[in-house]
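Trainee: Please take a close look with me at one part of this model, its interior. I would like a connected account that I can follow residue by residue.

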Amino acid sequence: MGQAMAQAITQIDSFTAQPFRGNPAGVCVLEVDRDAEWMQGVAKEMNLSETAFLRRREDGDYDLRWFTPAVEVDLCGHATLASAHALWVEGHLPEGAPARFHTLSGLLTCRRMGDWIEMGFPAEPVVERLALPGESSRAGGAAPPALFEGLGVSPEDVREVWRNRVDLLVVLRHEAHVRGIVPNHTVLGTIDTRGIIVTAPSDSADYDFVSRFFGPASGVPEDPVTGSAHCCLGPYWGDRLGKQELVGYQASARGGVVRVRLAGERVTLAGQAVTVLRGTLEA
């Protein structure tokens, strides 16, 4: 058996300017084509919420795929941010050039704006409100009882529960309720959804809202900072606060800041990133 070709890999903390904060992602800029089984193996080995794999195309754009330790996903904001950061910092793209990614969610473009990276994504607005316990039935059905048990929250602390194309959105009354959640991931993993976004208005003038994201069914018990969730959070809070530009804080143990700008069926997310590790895969 021939020796495997060494492959460079970096680990980048996204949605933060400080190492060991924000959301870490692995990034592989592939030298040769690799199959999905290999990518899934690397993602499992890295054991981060997502690892991104990029392959340069003939037109200078990049194909981009994202894997959790368990599955391939069709959209991941923080690993897209990390991928763009890697291309500029590692010299694959000139700093002034946009990073253009072809993905399962279509074409995504990133631009460097000073210390921040802006990313264009499709909006994922809520589409159905689910009935809370004691409410009359709704067209979207009732919020699953496992939701309250899994989050450890009382229905009285919940303003609304919504569903969008991929996630559930749980709106709590107070920031303290969001920060105080001690989830039961086994129970949450029984709910048929990619992930569960929990949010509330922010108590701080620095942010418009706070959030957390739980995705045990996708192999990510709690994601530190979730760009794709803000494709839903931005339109939701923009509509309620009457704002086109918002700032969110994801209140995980690591924490991170996401700027959101609304543009119809698209949203622009902005964040910072820092490289914390460079290594070589020998497999």
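Mentor: A residue is called buried when its relative accessible area is under 20% and exposed when that value is over 50%, with partly exposed in between. The model is a predicted one, and what follows should be read with that in mind.

With this cut-off, Thr10 counts as buried because its relative accessible area is 8%. Thr10 lies in strand β1, and, once residues up to four places away in sequence are set aside, its contacts include Ala25, Gly26 and Val27, then Ala86 and Glu90, and finally Leu277 and Arg278.

Strand β1, residues 7-14, is also one of the elements against which the buried residues of helix α1 pack, the others being β3 (50-56), β4 (62-67), β5 (72-73) and β18 (273-281). Helix α1 runs over residues 36-46, and the residues buried in it are Trp38, Met39, Gln40, Val42 and Ala43. After the helix comes Asn47, which has a positive phi, near 60 degrees.

From there we can turn to the nonpolar cores. In general terms, nonpolar side chains tend to be buried together in soluble globular proteins. Here the largest nonpolar core holds 49 residues, and Leu54, Trp66 and Phe101 have the most contacts inside it. Helix α2, residues 77-89, supplies the largest share of this core, namely seven residues. Leu54 shows how such a residue is surrounded: beyond four places in sequence, it touches Val27, Cys28, Val29 and Leu30, as well as Tyr62, Asp63 and Leu64, and further along Ser83, Leu87 and Phe101. Apart from the largest core there is another, of 25 residues, which includes Leu147, Leu172, Ile181 and Val198.

A useful residue to examine next is Trp162, which sits in strand β10, residues 158-163. Its relative accessibility of 15% is why Trp162 counts as buried. Neighbours within four places left aside, Trp162 is in contact with the run Val126, Val127, Glu128, Arg129 and Leu130, with Asp167, Leu168 and Leu169, and with Tyr236 and Arg240. The side chain of Trp162 also makes a polar contact of 3.0 Å with that of Glu160. Gly234, by contrast, is 72 residues from Trp162 in sequence, and their C-alpha atoms are 14 Å apart in space.

Two cysteines of the interior deserve a check for a covalent link. Cys231 is buried, with a relative accessible area of 0%, and Cys232 is buried as well, at 2%. For a disulfide, the two sulfur atoms would have to be within 2.5 Å. The closest cysteine sulfur to that of Cys231 is in Cys232, at 8.8 Å, so the pair is too far apart for a bond. The count of disulfides comes to zero.

These details belong to a protein chain with six helices and 18 strands. Its radius of gyration is 19 Å, close to the 19 Å that the globule rule gives for 283 residues, so the chain is as compact as a globular protein of that length. Along its principal axes, the C-alpha trace spans about 65 × 40 × 30 Å. Buried residues make up 54% of the 283 residues, and, among contacts between residues at least 6 apart in sequence, 63% join residues at least 24 apart. The accessible surface comes to about 12500 Å², and carbon and sulfur atoms account for 49% of it.

Key. Residues numbered from 1 in each chain as written. Predicted model: local features only at pLDDT ≥ 70, side-chain atom pairs only at ≥ 80, totals over all residues. Heavy atoms only, no water. Buried < 20%, exposed > 50% of the residue type's maximum accessible area, 1.4 Å probe, protein only. Helix = DSSP H or I, 4+ residues; strand = E, 2+ residues; numbered from the N terminus. Contact = heavy atoms within 4.5 Å. Core = buried A, V, L, I, M, F, W, Y, C linked by side-chain atoms within 4.5 Å. Polar contact = N/O pair within 3.5 Å; in protein donor to acceptor, adjacent residues only side chain to side chain. Rg over C-alpha atoms; globule rule 2.2 N^0.38 Å. Areas by Shrake-Rupley, 256 points an atom, 1.4 Å probe, with all protein chains shown as cover.
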